[in-house]
Amino acid sequence: MTISRIELGGASVDASVDRTIQLVQAGQAEGSTCSPDLAAGPWEFDAGPLGYGPGSSMGDVIPVGSPRQGELPAAYRTASADELDARIRAAKETLGERVVILGHFYQRDEVIAYANFVGDSFQLANAAKAKPDAEAIIFCGVHFMAETADLLSRPEQAVILPNLAAGCSMADMADIDSVQECWEQLEALYGTEPDADGRVPVIPVTYMNSSAALKGFCGEHGGIVCTSSNAETVLAWAFERGQRVLFFPDQHLGRNTAKAMGVPLEQMPMWNPRKALGGSSAADLLDARVILWHGFCSVHRRFTVDQIAQARVEHPGVRVIVHPECPMAVVDAADEYGSTDYITKAIAAAPAGSTFAIGTEINLVQRLAAEYPQHTIFCLDPVICPCSTMYRIHPGYLAWVLEALVGSAERPAEVLNRITVSDDVAAPARVALERMLAARPPASGGGSASVTAPAPVPVASFVGA
Ligand code: 13P
Ligand code: SF4
């Protein structure tokens, strides 16, 4: 059996992400560029020498400093799906309100089944605040999301990432040392004096998908954090205070947003941290409005203009919505672009019988297709891999951290895999986050979306659990 397109909603509801992975494993997923190793247990590829493991980001090299997950105890590796289900439910029941489980939109369904809240990274960080009495917040997303939850939750609350190897390849493309080095070179070029309007030479802006250390860097240097929902508002904030912006780590979000605001492409040079002056000329950097860090998301980089053309041929009238982490040509060819929150709201508000081709991670697309059977919803990429780093969180890891919290007669209760941002980083990182929360769209109404945290989605209203 082969599949050429995963298509749910009004039509066939055949292909779950797991089913697709099984086809990849059997070498039967036509057109797939995924590795068959994707179906192996996540702990198996943690030990691999290079890269983020099987899936769409396997070509990216894991930086030396990234956390590594030790081996999961055998009891959790060998347990059947049914046994893990029973153990997770029993531990959740015992812990009750003491624990809250958060699941990102891109998380696999076998983990989402246990989540109390499902949402985007910022909604989930705020969901932690909505449960101030929970002692433990189990974050089923990736490392930078858990760090942000730690920044926003009470100090007594422990944020737990069930598998420490669930990093983000894009976030790891900008490390604090490379950004400091870049900053020194830019200061040497621009100086530090403000212009006649009081605007400093450059303002650092980091995407939420970055380490807490980079958020702290922005807090210390007059900069700010943005999400994919508020990038335009945040850039407008930065342009009021600076002559130009250094935007990291995602070049595509930076380029797509600045282009929509009228910044010419020639004034957006790229900064490649492996090259002197980032690989750009001093003249180009002096003329720059936005300096784009050479980072990208391996999942969103897979979408192409050809896929959009194909969707339009096969589904006349289709509405194409892509995430702003997609390359500029893809965003330009789509009908709309927006964050995961934007995509979910657009689908929820559409009249019944609409057809959507979506350019974002497959778990979210398939869940939306199942949630809105009155529409036809499919992923632009016929056989796309999931976010392979988030996929590393498996029910085995969830059972492991939950049962550790419960403890037993033989083993005292303990918090495993706690993510803690040190105080020296947390203080300036919170400053950068607070600037984002206080930023308002320009009076012209040019902002792309709300800058205040949207409400998290209680799981019952999203996955029907
Ligand atoms: P959100 O900020 O929409 O959760 O997106 C996170 C992400 O990783 C997108 O690739
Ligand atoms: Fe990172 Fe891309 Fe995964 Fe988002 S989808 S967590 S940006 S690797």
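**View 1. The open sheet of the predicted model.** In this predicted model, five strands form an open sheet with parallel pairing, and their order is E7-E6-E8-E10-E9. Its edges are strand E7 and strand E9 (270-271), each of which pairs on one side only. E6 stands between E7 and E8 in this order.

**View 2. Strand E6 and its cover.** Strand E6 spans residues 203-207, and five of its five residues are buried. In a regular strand, side chains alternate between the two faces of the sheet. On one side of E6 are Ile203, Val205 and Tyr207, and on the other are Pro204 and Thr206. These residues are all buried, so both faces of the strand are covered.

**View 3. Pairing of E6 with E8.** Strand E8 covers residues 245-248 and pairs with E6 in the parallel sense. Four bridges join the two strands. Which residue of E8 is the bridge partner of isoleucine 203? The partner is valine 245. Isoleucine 203 is also one of the buried residues of E6, on the side that holds Val205 and Tyr207.

**View 4. Pairing of E6 with E7, and the crossover.** E6 also pairs with strand E7 (residues 224-226), again in the parallel sense, over three bridges. Here valine 205 of E6 has isoleucine 224 of E7 as its bridge partner. Between these two strands the chain passes through helix H9 (residues 212-220), making a right-handed β-α-β crossover. E7 is an edge strand of the sheet.

**View 5. The shell around ligand 1.** The residues around ligand 1 are His104, Tyr106, Asp120, Ser121, Asn209, Ser228, His300, His323, Glu325 and Thr340. How many of the shell residues are nonpolar, polar and charged? By class there are one nonpolar, seven polar and two charged residues.

**View 6. Polar contacts and cover of ligand 1.** Three residues of the shell, Ser121, Asn209 and Glu325, are shown with their distances to oxygen atoms of the ligand. For serine 121 a backbone N or O atom lies 2.7 Å from an oxygen atom of ligand 1. Asparagine 209 places a polar side-chain atom 3.1 Å from a ligand oxygen. In glutamate 325, a side-chain N or O atom is 2.9 Å from an oxygen atom of ligand 1. On its own, ligand 1 has 300 Å² of accessible area, and the protein covers 94% of this.

Methods. Residues numbered from 1 in each chain as written. Chains lettered and ligands numbered in written order. Predicted model: local features only at pLDDT ≥ 70, side-chain atom pairs only at ≥ 80, totals over all residues. Heavy atoms only, no water. Buried < 20%, exposed > 50% of the residue type's maximum accessible area, 1.4 Å probe, protein only. Pairing = 2+ DSSP bridges. Right-handed = clockwise from strand over helix to strand, strands pointing away. Near = heavy atom within 4 Å. Polar contact = N/O pair within 3.5 Å; in protein donor to acceptor, adjacent residues only side chain to side chain. Areas by Shrake-Rupley, 256 points an atom, 1.4 Å probe, with all protein chains shown as cover. Nonpolar A, V, L, I, M, F, W, Y, C, P; charged D, E, K, R; others polar.
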